Amino acid sequence: MSSLKQNYNLRKSLLDRFLNLFDLDRETAPALLIVMGSVAAIGAGMIFTEGNYIVGFAPVLVLGLLFLTMYRVDYSFFVLIGFVLLFDQFGIPGFEPLTMQVEYFKNFKEISFLPTFNAGVFNAIEVHFILLLIVFMIIQSVKKEFEFNRIAVWGAFLLFIGWLMFSFLLGIKRGGEILTAFWEVRALFYFSILYLVIPQVVQTRKQLEILLWIFIVVISIKAFQGIARFTWLGFSFQGLPALTAHEDPIFMNTLFILLFGFLVYKDRSPHKVALVLLFIPLLAGSFVSQRRAAIAAFAVSSAIFFVLLPGQLKLKFIKVAFPVLISVVLYGAAFWNSNSTIAKPVQMVKSGIEKPDRHENPEDYYSNLFREFENFNLAYTARKNPLFGTGYGRKFEQPLKLAEISFPLKDYIPHNQILWVAAKTGIIGFFLFWFFFNSFALQGAHILQNLRSPFLKAVCTMIVVAIINQMVASFFDLQLTFYRNMIYLGTLMGLLPVLQKIDSEEGEDLEEVQEPPV
């Protein structure tokens, strides 16, 4: 018996010494098992897939995400937003970056490094959404209390989403393809989730600051990606249409507006310092993106930013903006007829104003012609279905036959997604669409005037302008059906009541500090 006890104590001592090597004890020992299990999973995955590191690390990522969600729902959400902004939904011609190889936005049945199974018609984003929802509801059940934080213009939002669902069902009833209909509304569905969830998850200034850091860091990474490609190509485009994804310059526009807000309202946060330092790289990243829609969106966004400024700040903004505007005009005039690399932004603007020559600029000529045909077809479709639209999952009419392009949904999802809303949802849906977004913008402008914190004012300005930025881009390009755009916009718009709540709490704390002792 004594011998058994000695053996037990010896094993116990050896275990303690072993754990001490990793700065652990018996209570924290499971952490070592998790690490060892993760390493084993990575090794097994890489052996099974013959060195595919993406598959190898996937189990670890999933496991870590599961534990993170149970530990902090808000942190798990931050990871989701970071992934959405970091990874690419669509390929960039001429490049196969790691951010595309991960295939984050594809349905599981379409991912090349996973076994094919027909039931995998969902993606990582939707699994993450479900995980967040389950954990969030469990936490609320344990607390035995649940307070649903209000959302902005909830009545207009419900009308818009309700009609969206009606248009989805209408399209299916009229013979539309259900999977195609899901593809059409999927991004708007993501937008709706974020619009509802953000006020429940982000509630403090610290959380807001972390979220802004994610925006700044990850969007800047996308800018540096574009710059690196431009440099690798010998500081030229080598005939490639773009060096970043379509969505990236739209995101960069919002950071420019945020920086303008920080400067105008004289905020002193480290976010402002970071954006000042990153301004040139972000500008370069926007340049190499070569997106006409982004340039148009930035021009209109800057005008809206000026409109939102209070009277006393408008004059100061003009004093700063006027020299910049003169420089832009001189730059445009000097390179209006140039085909050099530095003249690319000017030529993109020119192609949107003047009709490109078919022989000198065939790419822009046929691109514009394709869009003109689409717009005619959409207007024709809207006139044939004026009240309710065609519904989702059905092709729009094509009295003018469109050229064949690589996009498989070209007969369902056009470039001009503002006219697309009218064709799919009819006059009623088109009205409710604009009623919701205009109501939100008006409420955002009203809240902006009442906020006291310069930091919150700058963020609020970015949120309101982001709507205009998105809508202008959506008029020219496929932006309402891109997952990244709508998740980002839903996140920003969901923050509006959060800003109000934070400002109110900070104001109450300030009043308590300033209140004289009795």
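Phenylalanine 83 and tyrosine 104 are both buried, and they make a good starting point for a walk through this predicted model.

**Aromatic contacts**

What is the arrangement of the rings of phenylalanine 83 and tyrosine 104? Their centres are 5.7 Å apart and their planes stand at 75 degrees, so the pair is edge-to-face. A plane angle over 60 degrees is what earns that label. The two residues come from distant parts of the chain: phenylalanine 83 belongs to helix H4 (residues 73-86), while tyrosine 104 sits in the loop between helix H5 (98-101) and helix H6 (124-143), with 21 residues separating them. Across the structure, the count of aromatic pairs comes to 45.

There is also an aromatic cluster to look for in your viewer. One cluster is formed by Phe157, Phe160, Phe191, Tyr195, Phe430, Phe433, Trp434, Phe436, Phe437 and Phe440.

Charges meet rings here too. Arginine 186 places its charged end over the ring of tryptophan 183, 5.2 Å from the ring centre. In a second case, lysine 314 lies over the face of phenylalanine 306, and the distance to the ring centre is 5.8 Å.

**Salt bridges**

How many salt bridges does a search of the whole structure find? The search gives 14, and the table shows three among them.

| Acidic residue | Basic residue | N to O distance |
|---|---|---|
| Glutamate 506 | Arginine 205 | 3.0 Å |
| Aspartate 503 | Arginine 452 | 3.4 Å |
| Glutamate 505 | Lysine 501 | 2.8 Å |

Let us take them in turn. Glutamate 506 and arginine 205 meet in a salt bridge; glutamate 506 lies in helix H19 (residues 496-514) and arginine 205 in helix H9 (residues 205-232), so this contact ties together parts that are 301 residues apart in sequence. Glutamate 506 is partly exposed, at 28% relative accessible area, and arginine 205 is partly exposed as well, at 26%.

Arginine 452 and aspartate 503 also form a salt bridge. This pair links distant parts of the chain, 51 residues apart: arginine 452 is in the loop between helix H16 (417-450) and helix H17 (454-476), and aspartate 503 is in helix H19. Is aspartate 503 buried or exposed? Aspartate 503 is buried, with a relative accessible area of 5%, which falls under the 20% cut-off.

Glutamate 505 and lysine 501 both lie within helix H19, 4 residues apart, or about one turn of the helix. Glutamate 505 is partly exposed at 37% relative accessibility, and lysine 501 is partly exposed at 28%. Finally, salt bridges with shared partners join Arg205, Glu209 and Glu506 into one network.

Notes:
Residues numbered from 1 in each chain as written. Predicted model: local features only at pLDDT ≥ 70, side-chain atom pairs only at ≥ 80, totals over all residues. Heavy atoms only, no water. Phe/Tyr/Trp six-rings, centres within 6.5 Å; stacked < 30°, edge-to-face > 60°. Buried < 20%, exposed > 50% of the residue type's maximum accessible area, 1.4 Å probe, protein only. Lys NZ or Arg CZ within 6 Å of the ring centre and 35° of its normal. Salt bridge = Lys/Arg side-chain N within 4 Å of Asp/Glu carboxyl O.
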